[in-house]
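The following paragraphs lead the reader through one protein model, from its overall make-up to its interior and to the packing of two helices. Please keep the structure in view while reading.

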Amino acid sequence: MKRFLLFLCICISLCGCKNSAVPTESRHLKNDDFYNTLSNKTQGWGFRRTENGPEFTENQIRQMAENDCIYKESGEEKNIYLTFDEGYENGYTSIILDTLRKKNVPAAFFVTGPYVKSNPDLIKRMVKEGHIVGNHTVNHPSLPDIKSTEALIKELTELDRLIFGAGGGKCKYLRPPKGEYSERTLTITRDYGYTNVFWSQAYVDWNDNVDSKTAFEKITKDLHPGCVLLLHAVSKGNADALENVINYAQKSGYTFKSLDEFKK
């Protein structure tokens, strides 16, 4: 029991969560009648790659600003925000954590319900080593498919409970599954106190079909100031290439920062 309570305390202090039996953010939630007036058209996150970095549409920029989302840091500081999505464990997360510890680099890990249940030791290690554990929902649904506000919030708060137990802890950061969202879901999750985290650099890496050389080339060719880098921890190529990626980025003048340091 003492070990469990200690774990909860560490989570609350290090994982970007807030501790309250009933989160104060919930007071900002409106009823379904209001949220149903908003567009629930499913939008998939994406952008155009250019020689000058990622290019976003005016609508994306507006929606992200209105809902306090993270996707790319403004300005020209050469910062990188390293994030991993974790739907299941493929045996590589411990390698990734070893590298991050060796290089003293922070990261955020967005986890699902099955991942938390199957890998409690890895979650504890993420926390202990100072990384952010973020919300990727319990069941990884497309959020616009969830029609009631109550059901949508439950998908998120149940994941928080799996991570933080009965102590009332709450993740700050949410990565919408599949990168799918709507005006309605951005508004609901913002009103409840989550910060939606998208990305400005990613590649097709969730099928574990790339080797470390390819992973290195894919990741480093599109680095840019304010980069929010999305990687999947199921890729052996990513795990094997990570130290070389970090070395390359740092030699190129980049600094790896925590999402808690992000400047909108």
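In what follows, a contact means that heavy atoms lie within 4.5 Å. The model described here is a predicted one.

The protein chain contains ten helices and 13 strands. Of its 264 residues, 53% are buried. Among contacts in the chain with a separation of 6 or more, 79% are made by residues 24 or more positions apart.

The interior may be considered next. The largest nonpolar core comprises 51 residues, and Leu82, Phe84 and Leu100 have the most contacts inside it. A second core, separate from this one, has 22 residues, including Ile132, Tyr181, Phe198 and Leu259. Leaving aside residues up to four places away in sequence, Phe84 touches Ile96, Leu100, Ala107, Ala108, Phe109 and Phe110, and also Leu231, His232, Ala233 and Leu242.

Two helices deserve separate attention. Helix α4 spans residues 93–103 and helix α10 spans residues 236–251; their axes come within 8 Å and cross at roughly 25 degrees. Angles under 35 degrees count as roughly parallel, and α4 and α10 are therefore roughly parallel to each other. Their crossing is right-handed.

Which residues of α4 and α10 meet? From α4 come Ile95, Ile96, Thr99, Leu100, Lys102 and Lys103, and from α10 come Ala239, Leu242, Glu243, Ile246, Asn247 and Gln250. The residues of this contact divide into six nonpolar, three polar and three charged. Leu100 of α4 and Leu242 of α10 take part in this contact, and both residues are also touched by Phe84.

Technical notes. Residues are numbered from 1 along each chain as its sequence is written. This is a predicted model: local features need pLDDT of at least 70, side-chain atom pairs count only at pLDDT 80 or more; totals for chains, interfaces and linings use all residues. Side-chain values use heavy atoms; hydrogens and water are left out. A nonpolar core is a set of buried Ala, Val, Leu, Ile, Met, Phe, Trp, Tyr and Cys residues joined through side-chain atoms within 4.5 Å. Buried means under 20% relative accessible area, exposed over 50%, partly exposed in between (1.4 Å probe, protein chains only). Axes are lines fitted to C-alpha atoms, for helices over the stretch in contact, and angles run from 0 to 180 degrees between N-to-C directions. Helices (H or I, at least four residues) and strands (E, at least two) are DSSP runs, numbered from the N terminus. Angles under 35 degrees count as roughly parallel, over 145 as roughly antiparallel, 65 to 115 as roughly perpendicular and the rest as oblique. A crossing is left-handed if the near helix is turned anticlockwise from the far one by less than a right angle, and right-handed if clockwise. Ala, Val, Leu, Ile, Met, Phe, Trp, Tyr, Cys and Pro count as nonpolar, Asp, Glu, Lys and Arg as charged, and the others, Gly among them, as polar.
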